[in-house]
Amino acid sequence: MIDESLIRRLKASKKVAVLTGAGVSAESGVPTFRGEEGMWKKFKPEELANFDAFMRNPDMVWEWYEHRKDLMSKVKPNAGHYAMAKMEKLFPVFTLITQNIDNLHRIAGSENILELHGNIRRNFCINCKKQYNDEHLTLGGGKVPKCSCGGMIRPDVVWFGEMLPGSILESAFKAAETCDFFLSLGTSAVVYPAAMLPVAAKKAGAVLLEINPETTPLTQSTDYYIKAKTGEVLPQIVEAIIK
Ligand code: BV8
Ligand code: ZN
């Protein structure tokens, strides 16, 4: 049962901001990073999601991303993504900040999306920065593709040790620091600077809700913590606001 006061305070909000993590896509079949079945169990982030690993072994890193591109092209948004898209229409100001690179929020119909860690459908040449969408590349060869200038092409995602896109991060902090209500959904809240956003929102006076089947380092600072899957509880929250 969702806390009455949570719904009342959410309904009364004019500006809402949301941070989503891999947990929101788990019910679509996209493996998370740090959960039990998490991807990082098999790989270490330092081995794959960083520029040095790519330069040391471009084909291996590229092949890992081809595997994830293939997986993400086959999955569909789940009820949690659709609930987020509906929620966007219920508030005068609604900002969806995502750490996910799987494009599922966009496919589910969300519009105002800040992609903090990039998007796996996009790629660029490390030499001349020319952009290549997946449809411009022949995937599946397991070999890093080459740009017309001869440079290697990499996925347009933020690797460890890399800066997040400046203007996107700035807009995310602005949304967090000016919202009335902040939802932290399906994230382990351990990757920075994204993990600073819910804390910044709380500090600026927002009501802070976390939805996650596991507690996280953020849980103790929340106003509300719902121990549940986002795909199950987000539609109930949208239902309750519309009523
Ligand atoms: C940077 C790449 C520095 C794309 C990823 C302090 C300040 C600044 C940086 C740091 C800092 N401390 C440490 C750092 C370095 C590092 C960092 O944070 N390390 C951590 C691990 C300690 N940060 C960085 O390197 C960042 N860059 O700051 O650069 C800099 C500064 C100046 C100049 C130059 C450089 C870059 C961070 C981005 C790294 N890229 N991915 C890709 O291949 O995917 S990170 C990776 O983790 C993903 O992007 C993912 O989005 C992100 C966060 O993970 P989550 O989304 O939370 O997923 P996770 O599996 O962890 O958790 C899932 C949760 O869902 C779980 O809690 C689970 O219980 C829950 N769940 C499961 N099922 C459900 C569910 N919830 C709801 N419903 C369900 N059904
Ligand atoms: Zn190039």
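# Two sheets and their helices

Strands β4 (residues 118-125) and β5 run antiparallel and are joined by three bridges. One residue pair shows where they meet: N123 stands opposite Y132 of β5. Everything described here comes from a predicted model.

## The antiparallel sheet

Strands of a sheet pair through backbone hydrogen bonds, and the pairing can be parallel or antiparallel. Strands β4 and β5 belong to an open sheet of three strands. The order is β5-β4-β6, and the pairing is antiparallel. Which strands stand at the edges? They are β5 (131-133) and β6 (153-157). Each has a single partner strand, so one side of each is left without a neighbour in the sheet. Ignoring direction, neighbouring strands here are turned by 40 degrees against each other on average. A helix also packs on this sheet: α5 (residues 58-74) touches β4 and β6. The direction of α5 makes about 140 degrees with that of β4.

## The parallel sheet

A further open sheet has six strands, with parallel pairing. Read across, the order is β3-β2-β1-β7-β8-β9. The edges are β3 (113-115) and β9 (224-226), and each pairs on one side only. How far are neighbouring strands of this sheet turned against each other on average? The value is 15 degrees, direction ignored.

Strand β7 sits between β1 and β8 in the order. Five bridges pair β7 with β1 (residues 15-20) in the parallel sense. Five bridges also pair β7 with β8, again in the parallel sense. Individual residues mark these pairings. A17 stands opposite F182 of β7. L19 has S184 in β7 as its bridge partner. S184 also has a bridge partner in β8, namely E210.

Two helices pack against this sheet. Helix α6 (residues 79-88) lies across β1, β2 (93-98) and β7. It runs at about 150 degrees to β2. Helix α9 packs on the sheet too, touching β1, β2, β7 and β8 (207-211). The direction of α9 makes about 155 degrees with that of β7.

Is β7 mostly covered or mostly open? It is mostly covered: five of its five residues are buried. Both faces take part. F181, L183 and L185 lie on one side, F182 and S184 on the other, and all are buried. So S184 brings two features together: it is buried, and it is the bridge partner of both L19 and E210.

## Helix against helix

Two packed helices are described by the angle between their axes and the distance between the axes. Take α8 (residues 166-178) and α9 (residues 196-203). They pack at an angle of about 35 degrees, and their axes are 7 Å apart. Their crossing is right-handed. On the α8 side, the contact is made by A172, F173, A176 and E177. On the α9 side, M196, L197, A200 and A201 make it. Helix α9 thus touches α8 as well as strands of the parallel sheet.

## Backbone details in the loops

Three places in the loops deserve a look.

| Place | Loop | Backbone angle |
|---|---|---|
| K129 | between β4 and β5 | phi of about 70 degrees |
| A189 | between β7 and α9 | phi near 55 degrees |
| Y192 to P193 | P193 between β7 and α9 | omega near -5 degrees |

K129 has a positive phi although it is not a glycine. A189 likewise has a positive phi in a residue other than glycine. Is A189 buried or exposed? A189 is buried: its relative accessible area is 8%, and the cut-off for buried is under 20%. The peptide bond from Y192 to P193 is cis. P193 belongs to the loop between β7 (181-185) and α9, and A189 is found in that loop as well.

## The whole chain

Now step back. The chain has ten helices and nine strands. How does its radius of gyration fit a compact globule? With 243 residues, such a globule would have a radius near 18 Å, and the chain has 18 Å, which agrees. Along its principal axes, the C-alpha trace spans about 60 × 30 × 30 Å.

Buried residues make up 54% of the 243 residues. The accessible surface comes to about 11,600 Å², and 55% of it belongs to carbon and sulfur atoms. Finally, consider contacts between residues at least 6 apart in sequence: 64% of them join residues at least 24 apart.

Methods
Residues numbered from 1 in each chain as written. Chains lettered and ligands numbered in written order. Predicted model: local features only at pLDDT ≥ 70, side-chain atom pairs only at ≥ 80, totals over all residues. Heavy atoms only, no water. Pairing = 2+ DSSP bridges. Helix = DSSP H or I, 4+ residues; strand = E, 2+ residues; numbered from the N terminus. Axes fitted to C-alpha atoms, helices over the stretch in contact; angles between N-to-C directions. Contact = heavy atoms within 4.5 Å. Rg over C-alpha atoms; globule rule 2.2 N^0.38 Å. Buried < 20%, exposed > 50% of the residue type's maximum accessible area, 1.4 Å probe, protein only. Areas by Shrake-Rupley, 256 points an atom, 1.4 Å probe, with all protein chains shown as cover. Left-handed = near helix turned anticlockwise from the far one by under 90°.
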